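Good morning. I have one structure to show today, so please look at the screen while I talk.

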Amino acid sequence: MPRPAAVDACPGILALHPARDGHVARIRLPGGYVGRTQWTALTGLATEFGDGRLDLTARGNVQLRGLPLAAAAALTDRAARAGLLPSQQHDRSRNITASPLAGLGGRPPLRRLVRALDAAIVADPALAALPGRFLLAADDGTGGAALGQSDIGLRRAGRQVDMVIAGRLTGVRVPLATALPTAITAARAAVARGVGRQVTRVADLADGGEAVAAAIGGSLG
């Protein structure tokens, strides 16, 4: 049987969480990629609304702390105008890690893939159900993207991509050009089977994620 329904306790921009030093907001930065304009906006948000500091999370996201609850509406508006909240419905769904050295020293790049994944999530109303703990990982083949802790992982192997579900290889290798729709198919299958309602992680489903792997033509190895 699946575990009991879990509350999605991860903060977002819309879902501030109380802490001893005020409220906490978490801003998703898919792949950890962020430009100077967004860094400037983040600094302004932290200074104006929080304690002036930016915390980096293990997934490459940013947390603002010391926020007054009364500032929530203004924070949301400013974050959206800075491009940090492309969809209110998907505030906590855009959790994508990427190998930090991808594209350097001959390693394959991942930035375009990560941006395409993010855009595909935001464009799909069904994927707004993905909880804050759900993790997609894009790996350049050298590690560093937390594939073993991912719900859906994409590991580059030249111009091919190995698909990972619940931290395990599925035996599915697809061309780079079809990796995105394959990942979205898996994400939709996860939501259809109860991720976001009964559980927050694919591995916590009753079958450990086998049906999600089967949805892309694989099985958990």
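I will go through a sheet first, then the helices that lie against it.

Keep in mind that this is a predicted model. The sheet is an open one with five strands, in the order β5-β6-β7-β8-β9, and its pairing is mixed. At its edges are β5, residues 96–98, and β9, residues 168–175, each of which pairs on one side only. On average, strands next to each other in this sheet are turned by 20°, ignoring direction.

As a reminder, strands of a sheet pair through backbone hydrogen bonds, and they can do so parallel or antiparallel. Both kinds can be seen around β7. Towards β6, there are four bridges, and β6 and β7 run parallel. One pair to look for here is A138, whose bridge partner in β7 is L154.

On to β8. How many bridges join β7 to β8? There are six, between residues 152–157 of β7 and residues 160–165 of β8, and these two strands run antiparallel. Two of the pairs are easy to find: R155 stands opposite D162 in β8, and A157 stands opposite Q160 in β8. The two strands make a hairpin with two residues between them. In that turn, G158 has a positive phi, about 70°.

Now the helices. Helix α3, residues 111–123, packs on the sheet and touches β5, β6 and β7. The direction of α3 makes about 175° with that of β5. Helix α4, residues 176–192, also packs on the sheet, where it touches β7, β8 and β9. The direction of α4 makes about 135° with that of β9.

We can check the length of α4 with simple arithmetic. It has 17 residues, and at 1.5 Å a residue the helix should span 24 Å. The C-alpha atoms at its ends are 25 Å apart, so the two values agree.

Which residues of α4 are buried? They are L176, A179, T182, A183, I184, A186, A187, A189, A190 and V191. What do these buried residues pack against? Their partners are α3, β7, β8, β9 and α5, the last being residues 210–215. After α4 comes G194, with a positive phi near 115°.

That is the end of my part.

How values were computed:
Residues are numbered from 1 along each chain as its sequence is written. This is a predicted model: local features need pLDDT of at least 70, side-chain atom pairs count only at pLDDT 80 or more; totals for chains, interfaces and linings use all residues. Side-chain values use heavy atoms; hydrogens and water are left out. Two strands pair if DSSP finds at least two bridges between them. Axes are lines fitted to C-alpha atoms, for helices over the stretch in contact, and angles run from 0 to 180 degrees between N-to-C directions. Contact means heavy atoms within 4.5 Å. The expected span of a helix is 1.5 Å times one less than its number of residues. Buried means under 20% relative accessible area, exposed over 50%, partly exposed in between (1.4 Å probe, protein chains only).
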